[in-house]
Amino acid sequence: MAVTEFLGRNPLRIFAFALLTLMSLQSVAAVLPEDRADVLYHRYEGGGITIDGPSVLVRKQFKDTVSAWGNYYTDNISGASIDLLSRGSTYYEEHRTEASVGFDYLHDRTVLSLSHTNSSERDYEANSYAFAVSQDFFGDMTTLSLNYSQGNDEVRQNIYENGSIAETIKRGDAKHQRFGLGLTQVLTEKWIMAFNAESVVDEGFLNNPYRSVRYLLPDGGVGNQPEVYPETRNSDAFALRSMYYLPYRAALRLEYRTYFDSWDINADNWEIRYIHPYGDEWTFEIKYRAYSQSQAEFFNDLFPYEDAQNFLARDKEMSAYSDTTFGLGVTYELKQTFFSWIDKSTLNFYWDYMSFDYENFRANTPENTAEYGVGNEPFYQFDANVLRLFLSINY
Amino acid sequence: MLRLIRCFALTLLPFVGGACSVQPWVQSHERGYLADPIMAFEQHPASTRYINHVYEAREAARGAEGSAGGGCGCN
């Protein structure tokens, strides 16, 4: 009771208490992640836009107690999404660079992790710091982890004149905090499960400065005004994952996650994945994932009049919709003998086909509005192809 | 969520000092299947980080990704 009173409702105090309790557990062993390098090309194509670029990840151990890593990632974005088309624009280009560094420290059978990420684009700057601790105990059958991260963003807006950027102005700041915990449990010789929970607390300027809502004018026409979001958003997500080794050499992975937030969005997703090695060199993977969500309480595809409510959204990610993903993956282990320091190298290719169906967000392109009338356009839907091609080296 | 973290912290208390009577039932030498690389929840961190970013940018839900999560400038 005294402990409960001490913890109160202060999230940082509760988190620190859980952290200290976790670090005091008796443990048997903990290991650092293996040394590896990944060079990846990624490509997303769908909904009128293409996003591609490289990602390079390098991880190296030092003196068996420290593992340092770095990740460089870029997004090259081009095309015209439904948001641009509905405003009569036709093309858009953007470049985002993300750099992360971190290290894991093994001490007294506990792994402590620290990392920093910077994401930079002309109209958005984000910096985040993350801290995590994980520990194996109960004869290595259980792994507990806690993580905390904080991100500070500066949201800016490009002002366009004659199709080019005339200036970039600051619109506001946003702060993000994440509190997470994980529990991984060996259940049998062939079955392992993991439970994850994470709370996210957002504060500040949370909407996209470019997006607007539409509303009916008294004369039957349609007007536009900028979106207005609340300045706080709290969310909770809980996930359960299972890996099972089948009677022959193959694995079945199941996942379920549920989500709800203070904007009234409830979401669920589940996934089934089958991993099947073939010979010594090939591994094949097939998966199916389904996601659905309800709308934010302040979303409306067409508001009845200007300033119809305090908060206004017409972002399609705030609407009610569902999506499905069908994915295939193949890994080929290269048999090379040129470099003695390489333990293993693989070539990997993954293809995901995503299909989005919106339930109350309409495709209000000028053509659709002219043909069907305001508020009667067909609901938006689109498909996307997501590719990952990468080389992995373990050393 | 606060209630969950508090329950989690209090649940751990009996384990402190080894005051736990249940013994591990899968020994280290019985984990050959679990050690197979195909049994990793995620085998490739850069690839997982990317696909989680795709989901987070296209869907309102976020959090509890399990690995390779974290903040991103994906507004």
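**Close-up views of a predicted two-chain model**

**View 1. An exposed isoleucine in strand S8 of chain A.** A:Ile169 counts as exposed because 10 other C-beta atoms lie within 10 Å, and 12 or fewer is the limit for that class. The coordinates shown here and in every other view are those of a predicted model. A:Ile169 belongs to strand S8 (residues 164–188) of chain A. Outside its neighbours within four places in sequence, the contacts of A:Ile169 are A:Arg156, A:Gln157 and A:Ile159. For the pair A:Ile169 and A:Ile159, the separation is 10 residues in sequence and 7.5 Å in space, C-alpha to C-alpha.

**View 2. Strands S13 and S14 of chain A and the hairpin that links them.** Strand S13 (residues 251–261) and strand S14 (residues 266–278) of chain A are antiparallel and share 10 bridges. One pair to look for is A:Tyr256 with its bridge partner A:Trp270 in S14(A). The hairpin has 4 residues between the strands, and A:Asp264 has a positive phi near 80° there. A:Asp264 is also one of the residues in contact with A:Ala296.

**View 3. Strands S14 and S15 of chain A.** S14(A) continues into a second antiparallel pairing, with 12 bridges to S15(A). Here A:Ala267 has A:Gln293 in S15(A) as its bridge partner. In this hairpin 3 residues lie between the strands, and A:Gly279 takes a positive phi near 65°.

**View 4. Strands S15, S16 and S17 of chain A.** Strand S15 (residues 282–293) and strand S16 (residues 321–334) of chain A run antiparallel and are joined by 12 bridges. Within this pair, A:Ser292 is opposite A:Ser322 in S16(A). S16(A) is also joined by 14 bridges to strand S17 (residues 344–362) of chain A, again antiparallel. A:Thr331 has A:Asn348 in S17(A) as its bridge partner.

**View 5. Alanines in the largest nonpolar core.** Which members of this core touch the most other members? They are A:Ala267, A:Ala296 and A:Ala313, out of 18 residues in the core. With neighbours within four places in sequence set aside, A:Ala296 is in contact with A:Trp263, A:Asp264, A:Ile265, A:Ala313 and A:Met318. A:Ala267 also appears in View 3, where A:Gln293 is its bridge partner in S15(A). In soluble globular proteins, nonpolar side chains tend to be buried together.

**View 6. Helix H3 of chain B against strands of chain A.** Chain B contains 3 helices and 0 strands, in the order α-α-α from the N terminus. Helix H3 (residues 45–58) of chain B has 14 residues and should span 20 Å at 1.5 Å a residue; the end C-alpha atoms are 20 Å apart, so the two values agree. Buried residues of H3(B) are B:Ala46, B:Ser47, B:Arg49, B:Tyr50, B:Ile51, B:His53 and B:Arg58. These buried residues pack against strand S1 (36–46), strand S2 (49–62), strand S3 (66–79), S17 and strand S18 (379–394) of chain A. Over chain B as a whole, 32% of the 75 residues count as buried.

**View 7. Two residues with positive phi, one in each chain.** Most residues other than glycine have a negative phi. A:Lys63 has a positive phi near 55° and is not a glycine. A:Lys63 sits in the loop between S2 and S3 of chain A and is exposed because it has 6 C-beta neighbours inside 10 Å. B:Ala64, also not a glycine, has a positive phi of about 60°. B:Ala64 is in the segment after H3 of chain B and is buried because 26 other C-beta atoms lie within 10 Å.

**View 8. Confidence of the model.** The model scores ipTM 0.91 and pTM 0.88. In chain A the average pLDDT is 91, and 92% of the residues score at least 70. In chain B the average is 76, and 61% of the residues score at least 70. Which elements of chain B have the lowest and the highest mean pLDDT? Helix H1 (residues 2–12) has the lowest, at 56, and H3(B) the highest, at 95. Residues 23–28 of chain A stay under 50 in pLDDT, and the model gives them 19 contacts beyond four places in sequence. Residues 68–75 of chain B also stay under 50, with 32 contacts beyond four places in sequence.

Definitions and conventions: Residues are numbered from 1 along each chain as its sequence is written. Chains are lettered from A and ligands numbered from 1 in the order in which they are written. Two strands pair if DSSP finds at least two bridges between them. Helices (H or I, at least four residues) and strands (E, at least two) are DSSP runs, numbered from the N terminus. A residue is buried if 20 or more other C-beta atoms lie within 10 Å of its own, exposed if 12 or fewer, and partly exposed in between; C-beta atoms are placed from the backbone. pLDDT is the predictor's confidence in each residue, from 0 to 100. Two residues are in contact if their C-beta atoms, placed from the backbone, lie within 7 Å. A nonpolar core is a set of buried Ala, Val, Leu, Ile, Met, Phe, Trp, Tyr and Cys residues joined through C-beta atoms within 7 Å. The expected span of a helix is 1.5 Å times one less than its number of residues.
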